[in-house]
Amino acid sequence: MVFEMKNIEKSFYQRNDTKKKSPKIDVLRDISLNVDSGEVVSIIGPSGSGKSTLLRCATFLETIDSGSISYLGNAAVSTDEKGVTSYVSPSELRKFKNYYGLVFQQFNLFPHHTVLKNVMEAPISVQKRDKAEVEHSAMKLLKKMGLEEKASAYPCQLSGGQQQRVSIVRALMMRPEILFFDEPTSALDPELTTGVLKVIKQLAEEKMTMVVVTHEIEFARAVSNRIVFMDGGFIVEQGSPEQVIGNPTQERTRQFLAHFANI
């Protein structure tokens, strides 16, 4: 098993300008999810259902209130019998961060770096890999993504779809065990969306382990081994695409899918 989270609870407190205690909002409620090697799991659901927060907790951008998160069978955070939640040390957590790559909704490229430098920066500075080896790997991946001629370009000179493909290359350059995608096409127009989804589908065919938060239902149906439907901070239903999209058992899932005319 590449990734596992158990009984995750996460709440936020609303900002309040008064001195009164801010109300708590439960965002993730008893979430358990595991992902096996080579598996593609797509997470669907309405806005505000907790999908992006789940990924942010999985990648340590948010801290959980309780539960456990493990990579390759090793726990990065756990909650003891007294309800105390503890993360591993910062140095150990840095090791865990090498296990995954994260592709954001917004591309988050360094605007003052070329495409090549954007994708080479972390492997050299974080993983301390040889510069020549990293550059060779970078150019090979850029060529695979149809971006070889853009190596010397800056992000502002690229289309949104090209920038997102660079972001995917950047994540792959870290040689992750698993890739997380947070609505990778939400900032793109339909024409550019097609190219990015094609890249993700190609990675799926190559058995890259992935968790994809997406609103592209037909894409999720085509590329996924498993679909997870979330609503209100809960996992309402999960199973094969044929089950969850083709024949959902939960009324809330059916209501959500009814908004998509082609389903």
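**Note on helix packing and pockets**

1. α5 and α6 cross in a right-handed sense. The model is a predicted one, and the points below concern its helix contacts and its two largest pockets. The axes of α5 and helix α6 (residues 190-205) come within 8 Å, with a crossing angle of roughly 20°. The two helices are therefore roughly parallel, since angles under 35 degrees count as such.

2. Which residues of α5 and α6 make this contact? From α5 come G160, G161, Q164, R165, I168 and L172. Facing them from α6 are L192, V196, V199, I200 and L203. Sorted by class, the contact of α5 with α6 holds seven nonpolar, three polar and one charged residues. R165 is the charged one, and G160 and G161 are counted among the polar residues.

3. α5 also packs against α3. The axes of α3 and α5 come within 8 Å and cross at roughly 25°. That angle makes α3 and α5 roughly parallel to each other. Their crossing is right-handed.

4. The contact of α3 with α5 has V115, N118 and V119 on the α3 side, and V166, V169 and R170 on the α5 side. It divides into four nonpolar residues, one polar and one charged. By class, N118 is the polar residue and R170 the charged one.

5. Helix α3 (residues 115-125) has a further contact, with helix α4 (residues 131-144). The axes of α3 and α4 come within 10 Å, crossing at roughly 135°. α3 is therefore oblique to α4, because 135° falls outside the ranges for roughly parallel, antiparallel and perpendicular. The handedness of this crossing is right-handed.

6. On the α3 side, the contact with α4 uses V115, L116, V119, M120, P123 and I124. The α4 side provides K131, V134, E135, A138, M139 and L142. The class count is 10 nonpolar, no polar and two charged; the charged pair is K131 and E135. V115 and V119 of α3 meet α4 and also meet α5.

7. The largest pocket holds about 530 Å³ of space. Of its 16 lining residues, K97, Y100, G101, L102 and M174 are the closest to its centre. β7 (100-103) and α5 (160-172) each supply at least two residues of that lining. α5 thus has a part in the pocket wall as well as in the contacts with α6 and α3.

8. How does the lining of the largest pocket divide by class? The lining has nine nonpolar, four polar and three charged residues. K97, among the residues closest to the centre, is of the charged class.

9. The second largest pocket has a volume of about 240 Å³. It too is lined by 16 residues, with P46, S47, G48, K51 and E183 nearest its centre. Helix α1 (residues 51-58) gives the most to this lining, namely three residues.

10. By class, the lining of the second largest pocket has five nonpolar, nine polar and two charged residues. K51 and E183, both listed nearest the centre, belong to the charged class.

Definitions and conventions. Residues are numbered from 1 along each chain as its sequence is written. This is a predicted model: local features need pLDDT of at least 70, side-chain atom pairs count only at pLDDT 80 or more; totals for chains, interfaces and linings use all residues. Side-chain values use heavy atoms; hydrogens and water are left out. On a 1 Å grid over the protein atoms alone, a cavity is a set of points where a 1.4 Å probe fits but cannot get out, and a pocket is an open set with protein on both sides within 12 Å along at least five of seven lines; lining residues have an atom within 4 Å of a point. Grid points are joined across faces, edges and corners, and a volume is the space filled by probe spheres set on the points. Helices (H or I, at least four residues) and strands (E, at least two) are DSSP runs, numbered from the N terminus. Axes are lines fitted to C-alpha atoms, for helices over the stretch in contact, and angles run from 0 to 180 degrees between N-to-C directions. Angles under 35 degrees count as roughly parallel, over 145 as roughly antiparallel, 65 to 115 as roughly perpendicular and the rest as oblique. A crossing is left-handed if the near helix is turned anticlockwise from the far one by less than a right angle, and right-handed if clockwise. Contact means heavy atoms within 4.5 Å.
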